[in-house]
Amino acid sequence: MTTRTFVTTALILTLAQAAGAQSGTTRRWDFGVVPYTVDAEVPAEQREAVAAAFEAWTAVAPVRFVARTTQAGYLAVARTASTQPGDAGCTAELGQAERGRAVTVNIQGCADRNAVAMAIGRALGLATDDWRTLAPL
């Protein structure tokens, strides 16, 4: 199995899988479409890093990021202080654990563009080993 095939399999739900995913046991985004928002508090430099991460993931996987309109499930990029002990503040949940719910990516403590890309990859549902599919940003 090639890396691209693995990433494709890890990210996308087919129509049949989406219909059967009502139980909330999947961590994938329907059809590879990821609605997103970026909080107003995120500074320009980090907005650019988010845009670069979106572009990088789109280049290696059949995933598409779209600005959120009314979707209940979306990726929320935030710059918030972490409340978890030992948390560097560059975190995301592993995929969309429950359909129709927002997944927050906290980028306050991300050291560089690569860290932002990895946090977004985690929100897509990819584990650490899957990040090797990206070229360094």
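The conversation below goes through a predicted model and asks how its labels follow from its values.

Biologist: Let's begin with the overall picture. How many helices and strands does the protein have, and in what pattern?

Modeller: The secondary structure comes to four helices and seven strands. Along the sequence the pattern reads α-β-α-β-β-α-β-β-β-β-α. Of the 137 residues, 39% count as buried. The protein exposes about 7,300 Å², and carbon and sulfur atoms supply 53% of that area. Among contacts with a separation of 6 or more, 70% come from residues 24 or more positions apart.

Biologist: What makes the link of C90 and C110 a disulfide?

Modeller: The cut-off for the two cysteine sulfur atoms is 2.5 Å. Here the S to S distance is 2.1 Å, so the pair C90 and C110 fits the definition of sulfur atoms within 2.5 Å. A search of the whole structure finds one disulfide. C90 sits in the loop between β5 (75-78) and β6 (91-92), while C110 sits in the loop between β7 (103-106) and α4 (113-124). The two cysteines are 20 residues apart, and the pair links distant parts of the chain. With 90° about the S-S bond, the link is right-handed.

Biologist: Why is C110 called buried, and what is C90 called?

Modeller: Buried means under 20% relative accessible area. C110 has 11%, so C110 is buried. C90 has 23%, and because that value lies between 20% and 50%, C90 counts as partly exposed.

Biologist: Which residues does Q46 contact, and how do you know whether Q46 is buried or exposed?

Modeller: Q46 lies in helix α3. Its relative accessible area is 11%, which is under 20%, so Q46 is buried. Leaving aside neighbours within four places in sequence, Q46 is in contact with R79, I107, Q108 and C110. That list includes C110, one of the two cysteines of the disulfide.

Biologist: Now the aromatic rings. What makes the pair of F54 and F65 stacked?

Modeller: Two values are needed, the distance of the centres and the angle of the planes. For F54 and F65 the centres are 4.0 Å apart, with 10° between the planes. Rings pair within 6.5 Å, and planes under 30 degrees apart count as stacked, so F54 and F65 form a stacked pair. F54 lies in helix α3 (residues 44-60) and F65 in strand β4 (residues 64-67), so the pair ties together parts that are 11 residues apart in sequence. F54 and F65 are both buried. A search of the whole structure finds two aromatic pairs, and ring pairs link Y36, F54 and F65 into a cluster.

Biologist: How far is R68 from the ring centre of Y74?

Modeller: R68 lies over the face of Y74, at 3.9 Å from the ring centre. The distance limit for a charge over a ring is 6 Å, so 3.9 Å satisfies that part of the definition.

Biologist: On to the sheet. Why are β4 and β6 called edge strands?

Modeller: Five strands form an open sheet in the order β4-β3-β5-β7-β6. β4 and β6 each pair on one side only, and they are the edge strands.

Biologist: What makes the pairing mixed?

Modeller: Strands of a sheet pair either parallel or antiparallel. Strand β3 (residues 33-38) and β5 run parallel, joined by three bridges; there, T37 has A76 as its bridge partner. β5 and β7 also run parallel, with four bridges, and A78 is partnered by N106. β6 and β7, however, run antiparallel, with A92 standing opposite V105. Two bridges join β6 to β7, and because at least two are needed, they count as paired.

Biologist: One last residue. Why is G73 called buried, and what does G73 touch?

Modeller: G73 is found in the loop between β4 and β5. Its relative accessible area is 12%, under the 20% limit, so G73 is buried. Not counting residues up to four places away in sequence, G73 touches W29, P35, Q96, G100, R101 and A102. G73 and E98 are 25 residues apart in sequence and 8.5 Å apart in space, C-alpha to C-alpha.

How values were computed:
Residues are numbered from 1 along each chain as its sequence is written. This is a predicted model: local features need pLDDT of at least 70, side-chain atom pairs count only at pLDDT 80 or more; totals for chains, interfaces and linings use all residues. Side-chain values use heavy atoms; hydrogens and water are left out. Buried means under 20% relative accessible area, exposed over 50%, partly exposed in between (1.4 Å probe, protein chains only). Rings of Phe, Tyr and Trp (its six-membered ring) pair if their centres lie within 6.5 Å; planes under 30 degrees apart count as stacked, over 60 as edge-to-face and the rest as tilted. A charge sits over a ring if NZ of Lys or CZ of Arg is within 6 Å of the ring centre and within 35 degrees of the ring normal. Contact means heavy atoms within 4.5 Å. Accessible areas come from the Shrake-Rupley method with a 1.4 Å probe; for residues, only the protein chains shown count as cover.
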